[in-house]
Amino acid sequence: MLVNAELYVKDLPGQLVDSLTPISMVDGNITAVVHDREQIVNQRICVNVTFEVADNKGLDRLKAIWKSKDVMIARMGSVYETHTMEYMLIGKFSAANVEKLLEEASNVVSLESSDVSYSSKNATSTRTAMITAEVLTPEDLEKLDRFFRSACRESGIVYIRGL
Amino acid sequence: MAGFGTVGQGFAEVLALRKDFIKERYGEDARLVCVMDSSTYAADPDGLDPLELVARKKSTGKVGDVRYQDSVEVMKSVEFDLLVEVSPTDVKTGGAGLKSITFALESKKDVITVNKGPLALKFGELVSLARKNRCKFRFEGSVGGAMPIINLCHENLVGEKIASIRGIFNGTCNYILSKMDNGQTFEQALKEAQQMGYAETDPTNDIEGYDSACKAVILANSVFGRDVTFSDVEITGISSITSEAIALAAANNMVIRLIGEVSPTKLEVSPRLIPKGHPLSIAGTLNAAQIVSDLAGPISISGRGAGRKETASAILSDLIAIMDDRKRT
C-alpha cells in the first residue's frame, strides 16, 4: 500500500534521518520526501513522506516506532493514483458554458479536480479554453473523452485532447 | 513500373544507384522492363536504362513514345514478375493504381506500392488476392515515407503484442502547425507551405486529415489485422486551429500536432495536445510515430515522410525483402 504521512520532527541535527529510518525497519520503500523547513509548528519541522509498506500490520509497527522516537504524526492517509487529461475547446462559448459543461461532466465521472484557463478574447468571438481534468481510473478518462467529444460536437465546438 | 512522377523517377535513380549492390547480392540485375507514366510507356524485355528514362521524362515530359489508354492492356503485353505501383493516389475510387495492382496480383505477380488510395479502400481484398495467388505484396512507403514503420512492426517487433501506434503521418500539417508555433496564422503558414511545395494548391487532403486517415487505415489493417476502410476513421483536420489555441497550448508547455491513433479499438486522426519534448512534438516536415508494445514498451521513430529519394528508399527496402524471399525459396 502507498501511504503519505505528514510528520513533525524536532529541529535538531539527525532528526530527519531518524524519522525516515523506521520506514526501512518495517521493510518499507520511500518514494518521495519533502523536508519543509518553512512549515514549523511548536519548534518542529514538517517532513512529508510518501512510502510503500506491505500491509496495515507493518504500518502499525511503523507508527509505534515513530511514537517511541518522539516523531509527531500530523496526518496520514492512503495515496491513490489519478489520471490527468488536458482538453482544449475552440469555438463560440462563454465561461458559463464551460462551467455548465464541467458540471455535466462531473455527473458522468467523478472529477477529482478540474482547472480551466481561457484565451483573452471575449465571448462574442471565437475563444479558446484549456481544461485540465483529473479522474481516478483510465475508464473514467475514456468516459470523459466520450462526453467531451459528444458535447462539443453537438455545440459545434472544436475539441482537442491530450495524448 | 506504373507511374513515373516524382517517386517513380526517384526509384529509377535509386535502382541505378544500387545496381552494383543488387548484382552483388543476387548475382543478377533488377531489370526495368516496362515503365508507364499517365499517358505513355516504354518497354524493353532486355531492360531499360533508368537514368535515360528520367532524362527523357525531364526533357519531353513523357517517359515513352507509345501512348496507351489502359494500363492493364500494357501489362498484358509485357513479361514481368513484379509491379512497382507509384501512380498518383485517388482516395475516392482507388483509381488506375487499384486496377493495376489488382491485375498484377490476379496474374500472380509480386507488387510493391506506395499508393495509399487502393490500400485505404481495398486492403482486405488485395491482401486476400495476394495470399490466394501466393504473391508478395509490400507497401512500406505508403505510410511515413522513409520512416520504416510497417516493416518494423511486421519484422522486428514480430513477437510483440502491439497495443497502439500514434504518429504524425502528414508532413504538410506538421509544417503548418510548427510555423503557427512561431507566431504565424493558419492562413500564413498554409500559404508558406504551398510556396515551399509541401502543400498542394488544393490542400484539403492534407489539412482536413484525409491523407493521415488513409495511413491510419493501412496501419490498422496491416499491423492490427483489422478490417477497416477510410470511412471508418474518425477524422478532425487542422483548419480550425487558431493562433489563440496554439498560444494557450504554448502557455501550458504544449504544442498541437495532427496525430493518427491506431489500436485494436481506436482509429482516429485529430489534433492533439502534445507536451513539449515528447517524441511526437517534433517540428517541420518530419513524420514520427510511437509504437507501444507489451515487451518493448514505447518505441519512437521519425523520418522524412515524403520526397523523391526518401520514398524510393522505402520501395528499395521492399524490393530487397522480396528478392531475399525469392532467394530463400
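## Exercises on chain B and its contact with chain A

In this predicted model, 49% of the 329 residues of chain B count as buried. Let's work through the rest together.

**Exercise 1.** Describe the build of chain B, and work out why chain B is as compact as a globular protein of that length.

*Solution.* Start with the secondary structure: chain B holds 13 helices and twelve strands. Next, take the radius of gyration, 20 Å, and set it beside the 20 Å that the globule rule gives for 329 residues; the two are close, so chain B is as compact as a globular protein of that length. For the outline, the C-alpha trace spans about 65 × 45 × 35 Å along its principal axes. Finally, look at the contacts between residues at least 6 apart in sequence: 69% of them join residues at least 24 apart.

**Exercise 2.** Find which elements of chain B each supply at least two residues of the side that touches chain A, and sort the residues of that side by character.

*Solution.* First count: 14 residues of chain B are in contact with 14 residues of chain A. Then locate the elements, which are α12 (243–251) and β10 (267–275) of chain B. The largest share, five residues, comes from α12(B). Sorting the residues of this side gives eight nonpolar, three polar and three charged.

**Exercise 3.** Identify the strand of chain A that pairs with β10(B), and state the sense of the pairing.

*Solution.* Look at residues 158–162 of chain A, which form strand β8; this strand and β10(B) pair in the parallel sense, over two bridges. To place a bridge by residue, begin at A:Arg161: its bridge partner in β10(B) is B:Arg272.

Methods: Residues numbered from 1 in each chain as written. Chains lettered and ligands numbered in written order. Predicted model: local features only at pLDDT ≥ 70, side-chain atom pairs only at ≥ 80, totals over all residues. Helix = DSSP H or I, 4+ residues; strand = E, 2+ residues; numbered from the N terminus. Rg over C-alpha atoms; globule rule 2.2 N^0.38 Å. Buried ≥ 20, exposed ≤ 12 C-beta atoms within 10 Å, placed from the backbone. Contact = placed C-beta atoms within 7 Å. Nonpolar A, V, L, I, M, F, W, Y, C, P; charged D, E, K, R; others polar. Pairing = 2+ DSSP bridges.
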